[in-house]
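Me: Please take a close look at the sheet of one chain in this model. I should like a connected account of how its strands are arranged and what packs against it.

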Number of protein chains: 2
Amino acid sequence: MKVITTVKEMKQIASDLKKQGKIIGFVPTMGFLHEGHLSLVNKSVSESDITVMSIFVNPLQFGPGEDFERYPRDMKRDQLLAEEAGVDLLFTPEVTELYPVEPSVTVKAVSRTEVLCGASRPGHFDGVVTVLSILFHLVQPDKSYFGQKDAQQAAVVDGLVKSLHFPVEIIPVHTVREEDGLAKSSRNVYLSDEERQEAPVIYQSLKSGADIYISHGIEPAIEHVEKQISAINGEIDYVDILSYPELKVPTHEDRRFIIAAAVKFKQARLIDNVIFSIKEEI
Amino acid sequence: MKVITTVKEMKQIASDLKKQGKIIGFVPTMGFLHEGHLSLVNKSVSESDITVMSIFVNPLQFGPGEDFERYPRDMKRDQLLAEEAGVDLLFTPEVTELYPVEPSVTVKAVSRTEVLCGASRPGHFDGVVTVLSILFHLVQPDKSYFGQKDAQQAAVVDGLVKSLHFPVEIIPVHTVREEDGLAKSSRNVYLSDEERQEAPVIYQSLKSGADIYISHGIEPAIEHVEKQISAINGEIDYVDILSYPELKVPTHEDRRFIIAAAVKFKQARLIDNVIFSIKEEI
């Protein structure tokens, strides 16, 4: 595995790979890797000639109350995990490499942002689409991999690529789950034993909520999820059902949806979602 | 010359050319070609393996008062001129090809826009950087050519490419001039005989204004240009001196500048500029 730290070298190598006709798979991350990231790498390795991972904690996507400085970092461990998983090129630029001067042009997410987790993070997705635009330009991937765990991010990135016609295919990757259904997350370790036992209720209630939505509509579905989650030791941040990937209030014309929840436990806030389709008119 | 009208074909051909290691030169235009455009093509042909020209009247960069529908178009003549000049691929997409759905992500020019011609065209450069981002993604040029006649646009595009690290080199091309110094423009035909005789004063006064700026500072320089232009039958829209390409009020640290003017004649508004440098401390 080669570690690249400069924009100049990353550009040169990507350009050479394109000339050789190599298929480049790309997994952008903020580091502190866990199984979710590695499942993205696995998929890329199985489909691409070269897998590039970036590790870049992007200051643009942190709000004033969110602590960019304290975001967990462990580059040594990340390098080992990336190499083991089959990453060929690890791109780890400093902030001043990607943003050498005050930018005169930025990228703005104008929809899909004001709902779910985005509702409480104004500007967050502008930072995400700006850094991804830069990384796509530097890495020139044919495919880029995003976890469905953060389904809103995947939806915003889908919009980025379609709106600006990036020559890259976005590949959504299923959420990795524990045997009892709980979505894997580095935050799960902060759950108490009791919380950990109850947490699979989130996913179970979302799955049954999806079924109820199809048969009975939005209100009974959301009520069901809220009731299930209220019975455990977590505080509901939101439960919502939206069209996917547009993330709008569903209409009769929509056929694909997301049901999503965020739940605050004592030391951890967990998110999960189910994306589902209606095949025929109800 | 091959004419391409779909996004799909343009993407495919660009991707194939990159794999062949071809150097792609790109001249984006809104059509109604004149000598200025053709000088960009000449430069591209001399430096690139393949020259791509786009003709696309971009609705996003027209303001409410500006008439997108009435922008002059002459595709037949443009095709002949492009082919004669040596264009290999002419990309002429419909509006619905580039903007098939309401975009969920756009590109925003956050500086270099509120001065010169941009001052009276809010949102114009957001439209320019958005469509150029799309075109760069579809055409994948190694180099893209922009006339210095529209020096503000060249500055904004320079900022676009640097801020978002597009893998494309922006090549500014000198303004093509008549023998008496008047910048060539399709609008020159709207000048009366008397106006046409006087119009070279704009360029002359900007050149001497640049010298006066270096020796005496900003106020005497602008006064000089205003005085010269006021003596002819044109109404001054603006005269300004700014750092280049940042387009800020010059400070002692700046070394490169633009002096620019816009002048309204009866039937035509002309713009011109001179870009100049201070080599040593005054």
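The reply below treats the sheet of chain B, then turns to a core residue and to a lysine of chain A.

Reply: The model is a predicted one. In chain B, six strands form an open sheet in the order E1-E4-E3-E2-E6-E7, with parallel pairing. Its edge strands are E1 (2-4) and E7 (169-173) of chain B, each of which pairs on one side only. From one strand to the next, the twist averages 25 degrees.

At the E7(B) edge, strand E6 (residues 143-147) of chain B pairs with E7(B) in the parallel sense over five bridges. Within this pairing, Lys143(B) has Glu169(B) in E7(B) as its bridge partner. Helix H6 (residues 151-163) of chain B packs on the sheet and touches E6 and E7 of chain B; the direction of H6(B) makes about 155 degrees with that of E6(B). Helix H1 (residues 7-19) of chain B lies across E1, E2 (24-29), E3 (50-55) and E4 (89-91) of chain B, and runs at about 125 degrees to E1(B).

Leu160(B) belongs to the largest nonpolar core, which has 74 residues; Leu160(B) is among the six members that touch the most others, together with Leu98(A), Phe136(A), Leu160(A), Leu98(B) and Phe136(B). Beyond four places in sequence, the residues that Leu160(B) touches include Ser104(A) and Val105(A), as well as Val107(B), Leu132(B), Phe136(B) and Phe166(B).

In chain A, Lys143(A) lies in strand E6 (residues 143-147). Lys143(A) counts as buried because its relative accessible area is 18%, and buried means under 20%. Its contacts beyond four places in sequence include Ile23(A), Phe26(A), Glu47(A) and Glu169(A).

Notes. Residues numbered from 1 in each chain as written. Chains lettered and ligands numbered in written order. Predicted model: local features only at pLDDT ≥ 70, side-chain atom pairs only at ≥ 80, totals over all residues. Heavy atoms only, no water. Core = buried A, V, L, I, M, F, W, Y, C linked by side-chain atoms within 4.5 Å. Buried < 20%, exposed > 50% of the residue type's maximum accessible area, 1.4 Å probe, protein only. Contact = heavy atoms within 4.5 Å. Helix = DSSP H or I, 4+ residues; strand = E, 2+ residues; numbered from the N terminus. Pairing = 2+ DSSP bridges. Axes fitted to C-alpha atoms, helices over the stretch in contact; angles between N-to-C directions.
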